[in-house]
Amino acid sequence: VPGESYLALLDALHDSNVIETIVCRHESGAGFMALAEAKMTGKVQCFAVSRGPGATNASISLHVAQQDATPVVALIGQVSREERGRGAFQEVDYAQFFGRIAKAVWEVTEAEKIGEIMVRAFHLAQSGVPGPVVIVLPEDVLEIAHEHGPLQPFPLQRAAAASRDAERLAAMLARSRRPLLIAGSLFRGGRGAQALERFARTHHVPVAASWKNQDVFDNRSPFYAGHLGFGAPPALREKLARADLIIAAGTRLGDVASLNYSLPSAPQPRQPLIHIYPDAGPIGHVFNTELGIIADPIELLEMVPRPKGATDERRAWAEEISSFITGFMEFKSPKPHDGVDFGDVVVAISEIAPKDAVIITDSGNISTWVHRYWKMTPSNLLLGTIGGAMGFGVPAGVASGLVDRNRMPIVFVGDGGILMTGQELASAMQHGAKPKIVLSDNGSYGTIRQHQEKQFPKRVSGTTLRNPDFTLWAKSFGAHVVSIRLGDDVKAKVGEALSHEGASVIHVKSSLTAISAFATLA
């Protein structure tokens, strides 16, 4: 989002044939787009905002980048050096503001240092536990001519897997009758998916995907153990808690991935815990970890020696989990009368969508149907935020549509999130992105209403929404719009929207009674 504090940078981009400048309509949208692109590519991505209001608007995406361990670099304009410390117009001390969120905040006070700082920023953002880095650019520094060429990127240092660690894991696994592997985002990609699938089949180990990483393992596999996230029902928790060994690999094992520190339990797990992550920081931080391995989890699993044979108990355990998950992922509608069951729409889209669709979830109950009923595979790409901020969906759909124009981005968003960053549909139309945006319009902040009904039954406060006509709203951007109401042919309407060549919006007048994939209001 442009600002007068970095006009010199915008002017330099004017002549660039290398860097494409995507103009956004709000700083949070710009930040979310960079966040989504980083998740898609696995590489550091960059966005730029002006000082003061621009930076504070962008703070939401930096917080999510920190929560989601996603490498993002933010370029923020600043008052000139002679004005620093005087409380000048829109001046902010960004080291104080972002100090506990960003991995580093660097202010460029000497033009000759900017190349070094940029290289260090990109290196730090993707080293260890990835995260956000902030570079502050005083207005007068940007205007200084500087002729030194850019420095070469610093090589990343990776913790190599050791055969001794692989053997220790194999020994613990050999003693287990009911092992469970919790797989994180580091398995995303072809090699990671193959390593997981091979390990599961070779050792007869069920694999549960951590929050928002459902695409790292084939959900149709007989070794799929479900998705660990908010709303996981007691039956799933109880089933997985019977494991006698937990292997957490490629995940920091935070509160959501561990089902609020219950699988494994904190600080003392009920079963032995093996934790594999390429940075020492998360290992043993919350849980007493019997075997902590600092290594690339893909490389480590590839090194684990083949067993002599799976026991009958191990096979029975895998079949028990698979049988439960198969039944759990079968769609059963409560048949609401106050609107469309959003689950009907999600199931229809999952059946019609391209097999390599990019699936994007905004925050809220709308994602529960996606996680429960869409049988994803590693051919898909799932983008969502662990940090839980509303507003990620539409910007991520725009970014996804620009990064890979050969894949269909499908955004699931509620009527709360759509009015936070839905204006980025204008950016999609301006730059030629073609997201399919599926909007659940039930007139409520649904997730909060669900919690409200549990704690304060029938005392609705602050969660009811009076919405605009979203069909007219979406049409005003130039998008193709399909509306789905109770009694409509859902599959036909979905097919129309997905077959449209450009950006389209599916406006679903959804049920409030069927408030999530796991519960009704009653």
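# Exercises on a predicted model

A search of the whole structure finds zero disulfides. The model is a predicted one.

**Exercise 1. Explain why C24 and C46 form no disulfide.**

Step 1. Take the cut-off: the two sulfur atoms of a disulfide lie within 2.5 Å.
Step 2. Start from C24. Its closest cysteine sulfur is that of C46, at 12 Å, so the pair is too far apart for a bond.
Step 3. Start from C46. The closest cysteine sulfur is in C24, again 12 Å away and too far for a bond.
Step 4. Compare the surroundings. C24 is buried, at 7% relative accessible area. C46 is partly exposed, at 35%.

**Exercise 2. Find out whether strand β1 is largely enclosed or largely open, and trace the chain from β1 to β2.**

Step 1. Locate β1 at residues 45–49. Four of its five residues are buried, so the rest of the structure largely encloses the strand.
Step 2. Look for a partner. β1 pairs in the parallel sense with β2 (residues 72–78), over five bridges.
Step 3. Pick one bridge. V49 has I76 in β2 as its partner.
Step 4. Follow the chain. From β1 it passes through helix α3 (residues 53–68) to β2, and this β-α-β crossover is right-handed.

**Exercise 3. Give the strand order of the four-stranded sheet and name its edges.**

Step 1. Write the order: β1-β2-β4-β3. The sheet is open, and its pairing is parallel.
Step 2. Check the ends. β1 and β3 (104–107) each have a single partner strand, so one side of each lacks a neighbour in the sheet.
Step 3. Add the twist, which averages 20° from one strand to the next.
Step 4. Join β2 to β4 (residues 132–138): seven bridges link these parallel strands. Q78 stands opposite P138 in β4.
Step 5. Place the helix. α5 (residues 114–125) packs on the sheet and touches β1, β2, β3 and β4. Its direction makes about 160° with that of β4.

**Exercise 4. Describe the six-stranded sheet and the helix α19 that packs on it.**

Step 1. Read the order: β12-β11-β13-β14-β16-β15, an open sheet with parallel pairing.
Step 2. Name the edges. They are β12 (381–383) and β15 (480–484), each paired on one side only.
Step 3. Note the angle. Neighbouring strands are turned by 15° against each other on average, direction ignored.
Step 4. Take one pair. β14 (residues 436–441) and β16 (residues 504–509) run parallel and share six bridges. V438 has I506 in β16 as its bridge partner.
Step 5. Add α19 (residues 490–499). It touches β14, β15 and β16, and its direction makes about 170° with that of β15.

**Exercise 5. Which members of the largest nonpolar core touch the most other members?**

Step 1. Take the whole core: 53 residues.
Step 2. Pick out L169, L181, L196, F199, I247, I274 and I276, which touch the most other members.
Step 3. Zoom in on F199. Beyond its neighbours within four places in sequence, it contacts L169, L173, L181, H204, V205, I247, L301 and V304.
Step 4. Look elsewhere. Apart from this core lies another, of 51 residues, including A30, V64, F392 and V411.

**Exercise 6. Where is F331, and is it buried or partly exposed?**

Step 1. Place F331 in the loop between α11 (312–328) and α12 (342–352).
Step 2. Read its relative accessible area, 26%. That makes F331 partly exposed.
Step 3. List its contacts, leaving aside neighbours within four places in sequence: D341, G343, D344, V347 and Y373.
Step 4. Take G343. F331 and G343 are twelve residues apart in sequence, with 7.5 Å between their C-alpha atoms.

Definitions and conventions
Residues are numbered from 1 along each chain as its sequence is written. This is a predicted model: local features need pLDDT of at least 70, side-chain atom pairs count only at pLDDT 80 or more; totals for chains, interfaces and linings use all residues. Side-chain values use heavy atoms; hydrogens and water are left out. A nonpolar core is a set of buried Ala, Val, Leu, Ile, Met, Phe, Trp, Tyr and Cys residues joined through side-chain atoms within 4.5 Å. Buried means under 20% relative accessible area, exposed over 50%, partly exposed in between (1.4 Å probe, protein chains only). Contact means heavy atoms within 4.5 Å. Two strands pair if DSSP finds at least two bridges between them. Helices (H or I, at least four residues) and strands (E, at least two) are DSSP runs, numbered from the N terminus. Axes are lines fitted to C-alpha atoms, for helices over the stretch in contact, and angles run from 0 to 180 degrees between N-to-C directions. A crossover is right-handed if, with the strands pointing away from the viewer, the path from the first strand over the helix to the second runs clockwise.
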